[in-house]
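Visitor: Got a minute to walk me through this one? I'd like to talk about helix packing and then pockets.
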Amino acid sequence: YYLISDEQIADIVANLEPGDIFFERRNWYLSNIFIPGFWPHAGIYVGTFEQASEYFDRDDVQSYFRLLGYEGFGDYVEQSFPDAAASWKAPNHYDHQPNRIIESIRDGVVFSSATEAYAADFIGAVRPRLPRLDKAKAVIHALTFWGSEYDYDFNFRNDDSVFCTEFVAK
């Protein structure tokens, strides 16, 4: 049982854009004792693969990827990160909902559904004031970490594994 309802999750998702950053807290988790601050977890909202492709395949962003020899954002992701793209497009293993989040959890850097990621007691989100192209590049950079292990040592200098806020920061 969490304080955020499924209806509230749907409302939150309806107002997010690819590249938004979320913070969450699940009360009563033992890990809260070891992680300082109110928000022990963060991740990146990317939307479904189709939503992200539609959001980014406009104007200067699409022109950027065409200059690189791709149809657009989605084509670049599919060709450069085929395994990550397949995981992003597949129904979520937890609840069979569309994957919309990329985050670092105990399983490593994975895609999650909004229902899985936002099943929490508190959620906050911020929208970086960046051009769409910069957001697209940030999502692409996040994909370079997909499949990485979770960093239980919380070592910010090591890119072989990442913890959640380190992942978002990088």
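Guide: Sure. One term before we start: a crossing is left-handed if the near helix is turned anticlockwise from the far one by less than a right angle, and right-handed if clockwise. Also, keep in mind that this is a predicted model.

Visitor: Okay, so which hand is the crossing of helix 4 and helix 7?
Guide: Helix 4 and helix 7 cross in the right-handed sense.

Visitor: And what angle do helix 4 and helix 7 pack at?
Guide: About 15 degrees, and the axes of helix 4 (residues 73-80) and helix 7 (residues 132-143) are 12 Å apart. Angles under 35 degrees count as roughly parallel, so helix 4 is roughly parallel to helix 7.

Visitor: Which residues make that contact?
Guide: On the helix 4 side you have Phe73, Tyr76 and Val77, and helix 7 brings Ala136, Val139, Ile140 and Leu143. By class, this contact has seven nonpolar residues, with no polar and no charged ones.

Visitor: What about helix 2 and helix 4, how do their axes cross?
Guide: At roughly 130 degrees, with the axes of helix 2 (residues 49-56) and helix 4 coming within 8 Å. Helix 2 and helix 4 are therefore oblique to each other.

Visitor: Who's touching whom there?
Guide: Phe49, Ala52, Ser53 and Phe56 of helix 2 meet Phe73, Gly74, Val77 and Glu78 of helix 4. Counted by class, the contact of helix 2 with helix 4 has five nonpolar, two polar and one charged residues.

Visitor: Then there's helix 5. How do the axes of helix 4 and helix 5 cross?
Guide: Roughly 120 degrees for that pair, and the axes of helix 4 and helix 5 (residues 82-89) come within 5 Å. Helix 4 uses Phe73, Val77, Glu78, Gln79 and Ser80, while helix 5 uses Pro82, Ala85, Trp88 and Lys89. The class count for helix 4 with helix 5 is five nonpolar, two polar and two charged residues.

Visitor: Switching to pockets. What volume does the largest pocket have?
Guide: The largest pocket comes out at about 780 Å³. It is lined by 33 residues, and the closest to its centre are Arg26, Tyr29, His41, Ile105 and Arg106.

Visitor: Which element gives the most to the lining of the largest pocket?
Guide: Strand 3, with four residues. At least two lining residues each come from strand 1 (21-25), strand 3 (99-105), strand 4 (108-113) and helix 6 (114-117).

Visitor: And the class split of the lining of the largest pocket?
Guide: For the largest pocket, 16 nonpolar, 10 polar and seven charged residues.

Visitor: How about the second largest pocket, what's its volume?
Guide: About 190 Å³ for the second largest pocket. Its lining has 15 residues, and Ile21, Ile44, Ala138, Val139 and Val168 are the closest to the centre.

Visitor: Where does the largest share of the lining of the second largest pocket come from?
Guide: From helix 7, with five residues. Helix 7 and helix 8 (164-169) each supply at least two residues of that lining. By class, the second largest pocket is lined by 11 nonpolar, two polar and two charged residues.

Visitor: Does Val139 ring a bell from earlier, and where was it?
Guide: Val139 is one of the helix 7 residues in the contact with helix 4.

Methods: Residues are numbered from 1 along each chain as its sequence is written. This is a predicted model: local features need pLDDT of at least 70, side-chain atom pairs count only at pLDDT 80 or more; totals for chains, interfaces and linings use all residues. Side-chain values use heavy atoms; hydrogens and water are left out. Axes are lines fitted to C-alpha atoms, for helices over the stretch in contact, and angles run from 0 to 180 degrees between N-to-C directions. Angles under 35 degrees count as roughly parallel, over 145 as roughly antiparallel, 65 to 115 as roughly perpendicular and the rest as oblique. Contact means heavy atoms within 4.5 Å. Ala, Val, Leu, Ile, Met, Phe, Trp, Tyr, Cys and Pro count as nonpolar, Asp, Glu, Lys and Arg as charged, and the others, Gly among them, as polar. On a 1 Å grid over the protein atoms alone, a cavity is a set of points where a 1.4 Å probe fits but cannot get out, and a pocket is an open set with protein on both sides within 12 Å along at least five of seven lines; lining residues have an atom within 4 Å of a point. Grid points are joined across faces, edges and corners, and a volume is the space filled by probe spheres set on the points.
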